[in-house]
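Colleague: Could you take a close look at one part of this model for me, the open sheet and the salt bridges around it? I'd like to see how that part sits beside the rest of the chain.

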Amino acid sequence: MKVAIISDLHDNIPYLDIFLSFCKQHKINKLLITGDVGSLETLLQIPEALFKKIYFVFGNADNFSPADIPPYIISLGESGIIKFENKHIGLCHEPEKIAGLLKDKPDIIFYGHTHKP
């Protein structure tokens, strides 16, 4: 399994295109999005066929509602835990939400918001 993680796109379509090309080239099959995609139009640029699973958490700059997210993207709200190959992975956007995820004892937590790699 190959997993890619992306955050804080802020509607930057050229960067998204580069990222998606990389994922296709390297046969990435799962995508974790830790928020701040920006608009629904940007989120819809992520093709369903490229990934077997896409998980998404909302960031403070995402300006669409949960009802707008297509069914092929699994929305976890503002934070959540997913399970891959016996690993529990926490996802959130803002570091302040990490404390809420720790009660579930994830193996790792990914977050965005800080714009630091």
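Modeller: Here is a walk through that sheet, then the charged pairs, then the remaining strands and the core. Keep in mind that this is a predicted model.

Let's start with the sheet. It is open and made of three strands, in the order S5-S6-S7, with mixed pairing. Strand S5 covers 79-84 and strand S7 covers 108-110, and both stand at the edges. Each has a single partner strand, so one side of each is left without a neighbour in the sheet. Leaving direction aside, neighbouring strands here are turned by 25 degrees against each other on average. As a reminder from general chemistry, strands of a sheet pair through backbone hydrogen bonds, either parallel or antiparallel.

Now zoom in on S5 and S6. Strand S6 spans residues 87-92, and six bridges join S5 to S6, the two running antiparallel. If you want a spot to click on, take Ser 79, whose bridge partner in S6 is Cys 92.

Next, the charges. The model has three salt bridges in total. One of them ties Lys 97 to Glu 78, with the closest N and O atoms 3.0 Å apart. That pair links distant parts of the chain, 19 residues apart: Lys 97 is in the loop between S6 and helix H3 (98-102), while Glu 78 is in the loop between strand S4 (73-75) and S5. How open are these two to the outside? Lys 97 has a relative accessible area of 27%, so it counts as partly exposed, and Glu 78, at 48%, is partly exposed as well.

Lys 97 has another acidic partner, since its side chain also meets that of Glu 94 in a salt bridge (4.0 Å, N to O). A further salt bridge brings together the side chains of Asp 104 and Lys 103, at 3.9 Å from N to O. Asp 104 is partly exposed, with a relative accessible area of 45%, whereas Lys 103 is exposed at 63%. Through shared partners, Glu 78, Glu 94 and Lys 97 are joined into one network.

What about the other strands? S2 and S3 run parallel and are joined by four bridges; Lys 30, for instance, has Lys 53 as its bridge partner in S3. S3 is also joined to S4, by three bridges, and these two run parallel. There, Tyr 55 stands opposite Ile 74 in S4.

That brings us to the core. The largest nonpolar core has 21 residues, and those with the most contacts inside it include Phe 19, Leu 31, Ile 33 and Phe 56. Two or more residues come from each of S1, helix H1 (13-25), strand S2 (30-33), helix H2 (40-43) and strand S3 (53-56). H1 gives the most, with four residues. In soluble globular proteins, nonpolar side chains tend to be buried together.

Some nonpolar side chains are on the outside, though. Met 1, Val 3 and Ile 5 form a nonpolar patch on the surface, with about 230 Å² of accessible area together. Val 3 lies in strand S1, residues 3-6, and its relative accessibility is 33%, so Val 3 counts as partly exposed.

Definitions and conventions:
Residues numbered from 1 in each chain as written. Predicted model: local features only at pLDDT ≥ 70, side-chain atom pairs only at ≥ 80, totals over all residues. Heavy atoms only, no water. Pairing = 2+ DSSP bridges. Axes fitted to C-alpha atoms, helices over the stretch in contact; angles between N-to-C directions. Patch = residues over 30% accessible without salt bridge, like charges linked within 9 Å, V, L, I, M, F, W, Y side chains within 5 Å. Areas by Shrake-Rupley, 256 points an atom, 1.4 Å probe, with all protein chains shown as cover. Buried < 20%, exposed > 50% of the residue type's maximum accessible area, 1.4 Å probe, protein only. Core = buried A, V, L, I, M, F, W, Y, C linked by side-chain atoms within 4.5 Å.
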